[in-house]
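This report describes the empty spaces of a two-chain model and the contact between its chains. The sequence and structure are shown first.

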Amino acid sequence: MKMPLRNTTKMGLQACLAIILAECVSFYFQFEHGYWIALTSMALITQTWGESLKRSFERVGMTILGGCVGTMLYFLCPVNQELIVILLLVFIFFTVFLLPIYHLLGVFFLTCFVVFLFALMGDWNFYLLKARILDTAIGAFIALLVARFLFPLKTNIAELFIHYFYKIDAAVNGLLDEESHKLYQVHYYLAADFQKIRTDALAIRYELLFHRLNAQDFNTMLNHIELCTYFIGYLIDAYRWLADYLTIEDKRLLQAVASTTSHNIHALVLVLEKKQQAGILPATDVMTLLENEIKAFPKRFATLENNALGFYNLMYFFAQLNLNLGAVFSILNKKYF
Amino acid sequence: MRMLKFVGNKIWAIDPGYLHLKQGIKTILAIALSLWFMRHQAPITQVMASIACGFSMQGVVAHTVYQRLRHIVLFDAVFFSVFILGLMVRDSTLWSGLVLALLGFVVNYIRRFGLERSMAPMMVWMLCFLSILLPMTNNQTIWQPIYGMVIGFGCSAFMLLIWPDNYARLFVENANRFLQTFAAGLEAMRRALIIHSSTEGALSFPFEKTQATLRRLMESNVVLHHKLEAFSQARRHHILIEYYALMNAFSLLNDAMQRLLLEPQVASRSLVLLLARSYKQYAREFLALRVGLDYAFIGTQKRNFLTYSSQDKWQVNRPSAPVIIMMLNFKLGFNLLRQHTWECLRYEDAA
């Protein structure tokens, strides 16, 4: 049976090929400082294609900016070795501090560090700056070429969201069960999963450069899915609190709405799998339901003391959840069909 | 002093626990120490000492002394080996290219052993790369950079041993910051309610920033939770779950508050005062609540939370569907706040 290659093996093969290509290019064109090509290629091989693309833009951009600023600073500073060492330490500090938080700024300070390191070891001039920028750009191009065509590690956006929607579906289906108290922790895992998607979203947006779904649609979708996460969280929490106050009729109505929600999630999954769907079912018009109840029993709603009114909280959350699922459905339907 | 606190808060917002800030400071202190030892040596030796020191400061994340020592010895041995390998092949373009390519494969391959986000594999490759590029003219100078390297490793090992990262303390500090930020957020909602219930005009909703801060603190703690040992894992897990639930309740109150601030006339004066009182009471309780170093909640009286909603009269002036939903969300939000704080304290009784 064929074992699929792990991502780390793929990254290793990509790095190997990128360095070989970089060395060949440097040798063939006889670049004086061609080692920067290999260094950049190695540094820009990352977990996913989107991340590589993002870092390449950042690297080249900040090399130009950092190189220019560093060069200017070098020419403006008095020729003093101690001052150069102090500046080097400052740049190292900001590189170590900022690289994990803001990669863009971290690369800026890294480039300034390189300028002053060369200044310390010999000399720095505009020719070296030009060489550095050119070699970085070539290295980035090689890294992107390899990452794109050799074992590309692309994010399957559809699969990412399908898995997430299945988890929401499981939470919705389990909500009204006898064992629903176990769902308590589910919200935490859902929130943590969504947080991971949001963290990777910036890199994913770069992968959408040549995708039918553009970055703006992706952002809008992400916002709606975040709201879905909030509302499923409200449902899980609120149900635990309100379950004892609900009548059998209330639970029956909630079961019906939960089934509608589950149906809508499945319709959304099918659209993500590029199977055309007629549409999703509308959620119960909670506001009209509530207006009718207020007219029929005004005293019941005057003081809100009755915890059984929490039924309307739950219905409202289901309605909002379905509204946001519908918004995601509209975006995907428009793009794919 | 206020400026310092302001800057500190801003940095904490992007770097909870000052983890990366401390790493930056430790790195330059270690490099400064190695430069001091190498002050009478040749520039190439000084550069090598600084580079070796700076590189070996990254990547060691173990938090017991014994594990840290093991990591330091292992990593430094690997760094040293690849440096020597680089020195051996530096004279041949073909061999140096091959070694770099193969090493590039190896350092990415080993990321599968828990090193996905670690800087150490890249540092290994770069040390080999630098040893190939080092400007040296004859064999006699090879020992100078090696000597510098050994001193650099020594200085970094010293810094890593005397100033380790304390993830457990950082988890607790984040947890306490969460409670303080939460209390401040509730207080801000109370003030907004009092101010805007009597005035009209442009509104601002600063609670989004509070939510973002709470989220960042949670993310930091989730990462720390995975880094820490199995000891007290259940307590930390419990804190994370309850904090997510509290964030949820905050978000619910935030939504309801935004609706109310857009139409303040729908709530009677007594209702506004009731809401303001609830916000004040909860803000005070959360301010008094703390997490200790053993991850236990301390500092508040449990009975306070029993009395909040039992005498409240939520009088609605002109009940309409949107107003009822908004008030129900307020009521639910406060009930959930009480419930989850109770869960935090109840865990201590059960434990």
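By class, nine nonpolar, six polar and four charged residues make up the lining of the second largest pocket. The model is a predicted one, and the values below are computed from it. About 630 Å³ of space lies in this pocket. Its lining comprises 19 residues, and those nearest its centre are B:Asn9, B:Ala13, B:Thr181, B:Lys209 and B:Thr213. Two or more lining residues come from each of α1, α8 (167-196) and α9 of chain B. Of these helices, α9(B) supplies the largest share, seven residues.

**The largest cavity**

The whole structure holds three cavities of 30 Å³ or more, and the largest encloses about 160 Å³ of space. Residues of both chains line this cavity: A:His187, A:Ala191, A:Phe194, A:Gln195, A:Glu226, A:Thr229 and A:Tyr230 on one side of the list, with B:Arg215, B:Tyr244, B:Met247 and B:Asn248 on the other. The elements that give two or more residues to the lining are α8 (184-207) and α9 (215-242) of chain A, together with α10 of chain B. The most, four residues, comes from α8(A).

The table sets the classes of the two linings beside those of the chain B side of the interface.

| Residue set | Nonpolar | Polar | Charged |
|---|---|---|---|
| Lining of the largest cavity | five residues | four residues | two residues |
| Lining of the second largest pocket | nine residues | six residues | four residues |
| Side of chain B that touches chain A | 38 residues | 18 residues | 13 residues |

**The interface between chain B and chain A**

The size of an interface is often given as the accessible area lost when the parts come together. Here the area buried between chain B and chain A is about 6,100 Å², and carbon and sulfur atoms give 69% of it. The contact involves 69 residues of chain B and 62 residues of chain A.

Which polar interactions cross this interface? The count of salt bridges between chain B and chain A is two. A:Arg240 forms a salt bridge with B:Glu343, with the closest N and O atoms 3.6 Å apart. In addition, 13 residue pairs are in polar contact across the interface, both residues at pLDDT 80 or more.

On the side of chain B that touches chain A, at least two residues come from each of α1 (2-14), α2 (19-37), α5 (93-109), α6 (120-133), α9 (207-227), α10 (233-262) and α13 (321-350) of chain B. The largest share, 15 residues, is that of α13(B).

How values were computed
Residues numbered from 1 in each chain as written. Chains lettered and ligands numbered in written order. Predicted model: local features only at pLDDT ≥ 70, side-chain atom pairs only at ≥ 80, totals over all residues. Heavy atoms only, no water. Contact = heavy atoms within 4.5 Å. Buried area = accessible area lost by both parts, 1.4 Å probe. Salt bridge = Lys/Arg side-chain N within 4 Å of Asp/Glu carboxyl O. Polar contact = N/O pair within 3.5 Å; in protein donor to acceptor, adjacent residues only side chain to side chain. Nonpolar A, V, L, I, M, F, W, Y, C, P; charged D, E, K, R; others polar. 1 Å grid on protein atoms, 1.4 Å probe; cavity = no way out; pocket = protein on both sides within 12 Å on 5 of 7 lines; lining within 4 Å. Points joined across faces, edges and corners; volume = space filled by probe spheres on them.
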